[in-house]
Amino acid sequence: PGYKITECTYYITSGANANVAAGSITNLPSDISTAVNDATCSNTYPAGGGTNYEDFDMLKEHIPLHVRTLGVAITKQDFIDLAMQVPGVNKVAADYECGRKLTLYITPDNGTVASSTLCEKVYTTLSQKAPLTTWLNVKSTGVTEIKLDITVTGNKSFSSETITEQIDQALKDKYSIANSKIGGQVRLSDIYALIDNLSSVDYLHINMFY
């Protein structure tokens, strides 16, 4: 106390900009490229978990989580709330098995597959705040593809390109990472209602959905 700090070392990450697309990471470390001439590398999945400083909306979401849990994981909701406070975590769902066996499923920022590092970070954080009797497991959520084939009759005042764009955007908004729940459901009736309510659509028929 009272002494002047004369030197400070820090680093700044790329934050959300580091959530690069799949296939973007191709540079090999020199010790590998020199040892194996034909070695290549790539990232199968998009990068995720990179996040910027908390903005006001994030603060409004995270502050109540701190108050509600008081840093202790007892209930199912406590585990979800505490996991949500780990940097890089976007969404969390919990599944109880056999009383004290708890599996948490997490989605990172950018909505891709969570890395083993992020899963381990969540596990370590919660293990320090949970009762010793809790059997805890942390896994990444997967990504579900929706196969959809639709025949649409549009209103005559709209071009086919506009109709297609409206439908495409409506589906992407409805089932985006931001608007989807982990383990959520996709119902045919919801898709019919979503598309049928668009101003450019007269009526539609879903030919294929799985």
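**View 1. Ile106 meets its bridge partner in this predicted model.** Begin with one residue pair: Ile106 has Ser140 of strand E3 as its bridge partner. Step back a little, and strand E2, covering residues 101-108, is seen pairing with E3 over 6 bridges. The sense of this pairing is parallel.

**View 2. Three strands make up an open sheet with mixed pairing.** Reading across the sheet gives the order E1-E2-E3. Strand E1 (89-97) and strand E3 (135-140) each have a single partner strand, so each stands at an edge with one side lacking a neighbour in the sheet. On average, neighbouring strands here are turned by 20° against each other, direction ignored. As a reminder, strands of a sheet pair through backbone hydrogen bonds, in either a parallel or an antiparallel way.

**View 3. Helices H3 and H4 meet the sheet.** Helix H3, made of residues 76-84, lies across E1, E2 and E3, and runs at about 155° to E1. Helix H4 spans residues 116-127 and packs on the sheet, where H4 touches E1, E2 and E3. The direction of H4 makes about 155° with that of E3.

**View 4. A closer look at Asp78 in helix H3.** Is this Asp78 buried or exposed? Its relative accessibility is 11%, and because buried means under 20%, Asp78 counts as buried. Who keeps Asp78 company? Leaving aside residues up to four places away in sequence, Asp78 touches Thr69, Val72 and Ala73.

Notes:
Residues are numbered from 1 along each chain as its sequence is written. This is a predicted model: local features need pLDDT of at least 70, side-chain atom pairs count only at pLDDT 80 or more; totals for chains, interfaces and linings use all residues. Side-chain values use heavy atoms; hydrogens and water are left out. Two strands pair if DSSP finds at least two bridges between them. Helices (H or I, at least four residues) and strands (E, at least two) are DSSP runs, numbered from the N terminus. Axes are lines fitted to C-alpha atoms, for helices over the stretch in contact, and angles run from 0 to 180 degrees between N-to-C directions. Contact means heavy atoms within 4.5 Å. Buried means under 20% relative accessible area, exposed over 50%, partly exposed in between (1.4 Å probe, protein chains only).
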